[in-house]
Number of protein chains: 2
Amino acid sequence: MKIALAGGVGGAKLVRGLVQILPPEELAIVVNTGDDFVHLGLNICPDLDTVMYSLAGIADSIRGWGIADESWHFMDALARLGGETWFRLGDNDMATHIERTRMLANGQSLSDVTAILCKKLGLQHSLIPMSDDPAGTFVDTDRGQLAFQEYFVKHQCEPTLKRVNYQTKAQPSPKFAEYLNDDSLTGIFICPSNPMLSIEPILALSGVRETIRARKIPVVAVSPIVGGKAIKGPAAKIMSEMGVVPSPVSIAQYYEGLLTAIVIDNADSNLASQFKNVAVSIENTIMTTAQDSRVLATSVNDLVDKLYSCRTE
Amino acid sequence: MKIALAGGVGGAKLVRGLVQILPPEELAIVVNTGDDFVHLGLNICPDLDTVMYSLAGIADSIRGWGIADESWHFMDALARLGGETWFRLGDNDMATHIERTRMLANGQSLSDVTAILCKKLGLQHSLIPMSDDPAGTFVDTDRGQLAFQEYFVKHQCEPTLKRVNYQTKAQPSPKFAEYLNDDSLTGIFICPSNPMLSIEPILALSGVRETIRARKIPVVAVSPIVGGKAIKGPAAKIMSEMGVVPSPVSIAQYYEGLLTAIVIDNADSNLASQFKNVAVSIENTIMTTAQDSRVLATSVNDLVDKLYSCRTE
């Protein structure tokens with residue numbers, strides 16, 4: 001059994017490949033909830049929804065969030081009432097937030113609610129929220145401290161990032177903790193998501209980084225940085241603001257002490273010699289189609305299997 | 001200054017006429033909130049919305065509730081998630097519920113929230129909820145006790161009604177109480193709404209019936225029953241179940257001790273001699289167009305003025 005750690009769009013792309021090659025009982029998909037927030041009274045989980053919609057085949061792949069062929073009548077009506085419209089909620093998407101909020105208010109855990117929503121949307125694989133506790137990321141910026149979605153959506157990542165604050169006291173969700181400690185766990189995938197904003201909130205949870213290290217199993221990351229740029233999102237901008245050169249080498253350094261191997265793009269093959277203490281695999285990491293995702297997922301999965309078998313020999 | 005007591009559709013039709021002839025400072029529109037309930041985590045006020053949308057010119061007059069040219073993407077998506085769909089919430093309508101719920105959760109009163117929503121929708125006249133307290137009507141039926149909307153929408157008024165339970169300890173909203181006690185109050189309109197389900201919840205509020213009686217001002221009702229049938233809704237069915245013949249005479253008896261005059265339809269002119277202790281006015285009470293509403297409202301308003309001047313002579 002393997003665990004994939006995922007954020008939103010980049011994570012969803014690799015996960016979309018992994019689910020094609022690994023059956024549900026061999027893949028636990030753990031998703032960042034550091035982006036979660038309560039907005040207009042609704043519990044919104046942007047990364048869970050992005051991955052869930054992607055696996056359900058209903059994600060808007062061009063916009064990168066929400067549901068394809070979405071309509072916006074609610075949002076337009078809300079604007080007429082003078083409501084807050086900086087976080088766009090589509091008419092179809094609203095059903096997810098309303099149902100999630102209702103079930104959470106009934107006392108169900110985010111893990112249970114997520115499993116129910118995934119099942120209703122026809123997913124074979126269940127998504128596991130990283131935590132059932134509130135675990136929202138806050139960022140210190142040149143405009144003061146902001147909740148994650150204020151920084152990310154309301155201010156469009158424009159403020160200069162000074163520091164990211166994680167919820168280190170939040171507990172991993174029961175299933176995440178169970179899988180982390182499962183004897184049959186043979187590897188961890190770190191999806192090509194933003195290291196600081198999507199993956200670190202998961203690793204920073206109480207005991208998670210320590211447990212992964214202690215397992216001595218292969219941990220393989222796919223670099224979200226290609227050719228000095230993020231494939232999507234503000235990872236490169238943020239790395240620069242934090243004084244780091246945006247490159248797959250920096251990604252490997254970021255995960256130092258945890259990472260067994262990193263998968264970098266063909267475009268960055270010239271950097272291969274710069275990696276220290278980590279195996280490097282060079283692949284096409286740009287996933288445009290479901291087939292691209294499947295091919296990369298197969299390579300990454302094979303790499304984990306190979307590293308695991310070397311370890312146990 | 002005059003007060004109009006209104007429920008949903010029938011109330012909205014007369015109110016639509018009254019606002020054409022009386023300026024905002026001369027008309028307080030008090031709306032039933034006995035139908036209100038919390039559904040999917042949202043505070044829903046069906047009668048307030050029906051009157052509000054009607055005055056804003058956006059009501060769906062054919063369906064009798066909600067917004068015209070509504071879309072249902074949220075509802076369809078909710079059905080796909082297995083959510084509760086017996087109470088239909090349109091995409092545009094959702095914005096009202098989300099904003100109301102958000103403001104109430106912030107500690108604003110229903111009166112304040114309603115005033116804000118009315119202003120945003122461009123209404124000149126503000127609607128006044130009958131109460132800022134929870135004041136939901138419960139009904140005893142042959143299928144047990146039901147919350148109002150369960151009876152009215154979920155079960156489509158099919159259960160036989162045995163008894164209606166009002167929230168007699170709820171207080172009238174501050175503005176309603178203020179206007180009831182205002183020296184300049186010269187009359188009360190009881191709109192052609194369901195007496196038991198829409199008007200009685202207002203009259204049953206703590207002190208309201210007693211205060212109206214003590215004012216000794218004209219109280220004029222427009223009969224919601226024409227030709228033995230309700231113009232819309234289950235009034236006739238309910239009256240029969242409660243052992244009352246559905247007729248404007250029964251409406252006058254229902255309001256006995258409170259009513260100065262009743263306005264009945266031309267179709268019921270043969271019943272005129274059957275009314276005891278109440279003045280009768282015969283008009284066209286079927287309001288199809290805004291002009292119909294204006295004509296009837298003018299007659300009813302003139303009647304109140306006439307009765308008030310007689311009283312003070």
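**Helix pairs, sheet and two-fold axis**

Reader: Let's start with α4(B): which residues in α5(B) do B:T96, B:E99, B:R100, B:M103 and B:L104 meet?

Author: Keep in mind that this is a predicted model. On the α4(B) side, the contact is made by B:T96, B:E99, B:R100, B:M103 and B:L104. Across from them in α5(B) sit B:L110, B:V113, B:I116 and B:L117.

Reader: And how many residues of that contact are nonpolar?

Author: The contact of α4(B) with α5(B) has one polar and two charged residues. The nonpolar count is six.

Reader: Is α4(B) roughly antiparallel or oblique to α5(B)?

Author: Helix α4 (residues 91-105) and helix α5 (residues 110-120) of chain B have axes 10 Å apart and pack at about 140°. To count as roughly antiparallel, the angle would have to be over 145 degrees. The angle of about 140° therefore makes α4(B), relative to α5(B), oblique.

Reader: Is that crossing left-handed or right-handed?

Author: Take the same pair, α4(B) and α5(B), packed at about 140°. The way α4(B) passes α5(B) is right-handed.

Reader: On to the sheet: which are the edge strands?

Author: Chain B has an open sheet of seven strands with parallel pairing, in the order β5-β2-β1-β9-β10-β13-β14. An edge strand here pairs on one side only. That picks out β5 (127-129) and β14 (279-283) of chain B.

Reader: What is the bridge partner of B:V263 in β14(B)?

Author: Strand β13 (residues 261-265) of chain B pairs with β14(B) in the parallel sense, over five bridges. For B:V263, the partner in β14(B) is B:S281.

Reader: Is α8(B) roughly perpendicular or roughly parallel to α9(B)?

Author: Helix α8 (residues 195-203) and helix α9 (residues 208-215) of chain B pack at about 80°, with axes 7 Å apart. Angles of 65 to 115 degrees share one label. So α8(B), relative to α9(B), is roughly perpendicular.

Reader: Last one, on the two chains: what relation does the superposition of chain B on chain A give?

Author: Chain B lands on chain A with an RMSD of 0.0 Å after a rotation of 180° and 0.0 Å of shift along its axis. So the relation is that of a two-fold axis.

Reader: Then which residue of chain B has the C-alpha nearest the axis?

Author: The nearest C-alpha in chain B lies 3.1 Å from the axis. Its residue is B:D91.

Key
Residues are numbered from 1 along each chain as its sequence is written. Chains are lettered from A and ligands numbered from 1 in the order in which they are written. This is a predicted model: local features need pLDDT of at least 70, side-chain atom pairs count only at pLDDT 80 or more; totals for chains, interfaces and linings use all residues. Side-chain values use heavy atoms; hydrogens and water are left out. Axes are lines fitted to C-alpha atoms, for helices over the stretch in contact, and angles run from 0 to 180 degrees between N-to-C directions. Helices (H or I, at least four residues) and strands (E, at least two) are DSSP runs, numbered from the N terminus. Angles under 35 degrees count as roughly parallel, over 145 as roughly antiparallel, 65 to 115 as roughly perpendicular and the rest as oblique. A crossing is left-handed if the near helix is turned anticlockwise from the far one by less than a right angle, and right-handed if clockwise. Contact means heavy atoms within 4.5 Å. Ala, Val, Leu, Ile, Met, Phe, Trp, Tyr, Cys and Pro count as nonpolar, Asp, Glu, Lys and Arg as charged, and the others, Gly among them, as polar. Two strands pair if DSSP finds at least two bridges between them. Copies are superposed by least squares on the C-alpha atoms of residues with pLDDT of at least 70 in both.
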